[in-house]
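Please work through the exercises below with the sequence and the structure at hand. Each task is followed by a solution in steps.

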Amino acid sequence: MSTSLRNYLLDKAPFLTACVMLVAILATYASLQRGVFSIDELNLVTGSAMTLILVATGQTIVILRGGIDLSVGGMVSLGTVIAATQFGTDPVNIVLWSSAILLLGFLIGAANGVMINSLQLQPFLVTLATWSVLSGVAMIILPTDGGSVPDWWIGFGYSELLGLAGPVWMMIALIGFWFWFKSTRLGTTIRATGSSEKSAFLSGVSIMRVDIAAYGLSGFFAAAGALYLTTQTGGGSPIIGKDYILPSVAAAVIGGVSLFGGRGGLMGTVVGAFILILIGSLVFALRISSHWQPVLSGMILLVAVLTSSLTEKTAKGQAQ
Amino acid sequence: MDLIEVSGLTKRYGGIVALEQASFSARAGEVHALIGENGAGKSTFIQILAGAVAHDGGDVLFDGAHYNPANPDDAETTGVTAVFQELSLIPDLTVEENIWFRREPRRWWGAADRRELRRKTLDLFEKYEFPPIQADRDVRRLTLAEQQIVEIAKGLAKSTRVLILDEATSALPAKETEWLLKLTRKLAEEGLLVIFISHRMGEVRSIADRMTIFRNGSTVATHVTDEVSDDEIVAQMIGRQMDRLYPERHDTTTGRIALKVSNLECGSRLRGVGFELREGEVLGVGGLQGHGHRELFQSLFGASRSTGEVELWGRAARFNSPNQALSGRDGIALVPEDRGGQGLLNSMSVRENLTLSVQRRMTWCGLVDSKREAALVREMVDLLSIKVETPEQEAGTLSGGNQQKVVFGKMLLTEARVLLLYDPTRGVDVGTKSEIFQLMRDLAAQGYAILFHSSDMPELVHVCDRVMVLRAGHVAALLDRSAISEEAILRAAVLEKDT
């Protein structure tokens, strides 16, 4: 094998492993159920994966920075309850409130970034605290599942353009955004800071700005996930957000994003999110207890972590 | 008119003076070398020039105007670029992304212009005849030498009038070193001022027009390279007085070999080290920082992976972990360099610290024999005269010297008779230093064998029976009692010829 091909495979090994796992899951699923490789199935699966993909997009940006954002859970809950209680039926009102929720997400995330940076606190602890605060506020606004959004809002998931459903177009747009974003100045400095904060600082990067942007974007995407989630559930829930905290981290890690920062990308995260969602379908198709779902997810996570650790070791041994 | 003129430059960190009344002057078109021991003030000096550190006193003139950059960016705008020994590269970005980091050519929609980026990188490589490096590889995949070359490329990518190279050759193989030296000359001929820091006298002689010598945080003299001898330079680098801090040395070495090491290798930092340490001997390990001392100590203690043969008291012994190394009378004990981080648990009591490594000596069926423990602790507190109110006092509340004594006590309790002391007097007051030296000699007289590294050269000269000098992971010289002097150590450490 030529050196450059070998290097390429080593660099991409975690992502490629995720792709192989996705293909394996799809193949198994297809052998049990008809119609897996159809546009309808793509629309359906993407529709159920989209909330996770959106939340995990923000999480990916924060992880690339070398941090972690647990507050996305609180933000998702808060976003759905605000939407479900304030939307009403007036489209103008809905557009305004949607924008407000997205802005709120960004501001709360930015506040996380400011606290982590200026007080030199652990991202884990700061975002754990904001998660708790946001969940509490969501509970105060709407103590139990409820509220409502208009029917046309719920219809988004079923809307179609050229045969592809709204969520699929959203995912395409998101991937397009990513290919632009990662090579912008901001995208590069976020990755660089996650890779080596000291080197980035020495090269003149303002770490404060990087933190505000990274956590702000995470809050923004969590809020976007909340808005999308209301199109799926048709209402608000003050507790639903916690279902997205660890899965958003897991999706990124399965897709080859390194928790040490600096390494990985959104394509991996999207693959990781699909793996997590499809495991649910697979367990259903296998007609086994749904309790097998976390067991399988955990095993896949282990495979992902082992792959990145092994490839790094191999690459290091080679460089010496 | 010189390009850079420095007078009375002073920098303090708290109470410590890093630079005092340094003066310096250099003109465009010359290669100007800075030489001096570790800690002589060279790094502080160039950090000030590069805008990484602000000075407290004195004046810097750049091209006749006052120069006081707020940060490295600011210095680069003025025309001073530094390539530091501590690399500033981003491991997960590619070579080309690193070279042009934050100055990438961009398209109107904000994305980096990859093609232009590649073109500029290849142009730069061609212009300065860089050794071949793949432009699209992630920097973390490169060897240390390659990373150093990328760092140099990053410096050259900025249009600059002063280029500072901080030990840029220390990580490079011979061929690349030759390239860099040639390049340095060429840059100077094109009108750049190159400030060149190296510990290798041969390199300095081959390219520097002039050199400025640093000692104890100040500048001593500036010479034209061709008009000064090696002897004069070494004398000016040392030039300090000896204290009455050291114990009398009696030769207590026996014929018995305590530790025999051969072909010890550890990565690229340790390349086949071999020596013998005898019972009753204090063997010093000298040389400049980053030449394999840390790796030697860590390898012997089982804290770093290494290959080679190690014999303890005549029996083969290879340790894979400190836990194995600390296995009783035939083991090895280490006083690590970083007392706070590696040697001492600040929030635990003096008693717990002392007995942490020797639980086995005082437990019976898993239970601690507290009478036995108290006796052992008492013995150490007395032997080392550790000043504590009670052994239950938190270790973090002790003075630096007393903390170091606790670390010594912890090591002695392991009963190992081969001791590795890595810079045990760093950050310790003079009184305790003197006690530590006395203790070392006493232990040697009792039959302990001691391997001793110090970053302070006079300590090696006045405490050791023999001194081994490491350079680039090799034993550059092994000096007998009669041959030990600062001059001899420094010569072996900086001059390319083995003495």
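The exercises concern a predicted model, and they treat helix packing, contacts and individual residues in turn.

**Exercise 1.** Describe how helix α2 of chain A packs against helix α12 of chain A.

*Solution.* Step 1: locate the helices. In chain A, α2 covers residues 39–64 and α12 covers residues 266–285.

Step 2: read the geometry. The axes are 9 Å apart and meet at an angle of about 135 degrees. Angles from 65 to 115 degrees count as roughly perpendicular and those over 145 as roughly antiparallel. The angle of about 135 degrees therefore makes α2(A) oblique to α12(A). The crossing of α2(A) with α12(A) is right-handed.

Step 3: list the contact residues. From α2(A) come Val45(A), Ser48(A), Ala49(A), Leu52(A), Ile53(A), Ala56(A), Thr57(A) and Thr60(A). From α12(A) come Leu266(A), Thr269(A), Val270(A), Ala273(A), Phe274(A), Leu276(A), Ile277(A) and Leu278(A).

Step 4: classify them. The contact of α2(A) with α12(A) has 12 nonpolar residues, 4 polar and no charged.

**Exercise 2.** Determine how many residues of chain A and chain B take part in their contact, and which helix of chain A gives the most to the side that touches chain B.

*Solution.* Step 1: count each side. Chain A contributes 20 residues, and chain B contributes 21 residues.

Step 2: assign the chain A residues to helices. At least two residues each are supplied by α1 (3–32), α8 (185–195), α9 (197–202) and α13 (292–319) of chain A. The most is given by α8(A), with 4 residues.

Step 3: sort by class. On the side of chain A that touches chain B, 6 residues are nonpolar, 11 polar and 3 charged.

**Exercise 3.** Describe the division of chain B into domains and the contact between domain 1 and domain 2.

*Solution.* Step 1: set the bounds. Domain 1 of chain B runs over 4–238, and domain 2 over 257–494. Their C-alpha centres lie 36 Å apart.

Step 2: examine the contact. In chain B, 9 residues of domain 1 are in contact with 10 residues of domain 2. Helix α8 (residues 230–238) of chain B gives the most to the domain 1 side, with 3 residues. That side of domain 1 has 5 nonpolar, 3 polar and 1 charged residues.

**Exercise 4.** Decide whether helix α9 of chain B is enclosed by the rest of the structure or not, and examine the residue just after α9(B).

*Solution.* Step 1: apply the cut-off. A residue is buried if 20 or more other C-beta atoms lie within 10 Å of its own. In α9 (residues 293–301) of chain B, 9 of the 9 residues are buried, so the helix is largely enclosed by the rest of the structure. Among them are the charged residues Arg294(B) and Glu295(B).

Step 2: move past the helix end. Just after α9(B), Gly302(B) has a positive phi of about 80 degrees.

**Exercise 5.** State where Arg102(B) and Trp313(B) lie, and whether each is buried, exposed or partly exposed.

*Solution.* Step 1: place Arg102(B). The loop between α3 (95–99) and α4 (114–127) of chain B holds Arg102(B). Although not a glycine, Arg102(B) has a positive phi of about 70 degrees. Arg102(B) has 14 C-beta neighbours inside 10 Å and therefore counts as partly exposed.

Step 2: place Trp313(B). This residue lies in the loop between β14 (307–312) and β15 (315–316) of chain B. Trp313(B), also not a glycine, has a positive phi of about 50 degrees. With 16 C-beta neighbours inside 10 Å, Trp313(B) counts as partly exposed.

How values were computed. Residues numbered from 1 in each chain as written. Chains lettered and ligands numbered in written order. Predicted model: local features only at pLDDT ≥ 70, side-chain atom pairs only at ≥ 80, totals over all residues. Axes fitted to C-alpha atoms, helices over the stretch in contact; angles between N-to-C directions. Parallel < 35°, antiparallel > 145°, perpendicular 65-115°, else oblique. Left-handed = near helix turned anticlockwise from the far one by under 90°. Contact = placed C-beta atoms within 7 Å. Domains from an automatic or database assignment. Buried ≥ 20, exposed ≤ 12 C-beta atoms within 10 Å, placed from the backbone.
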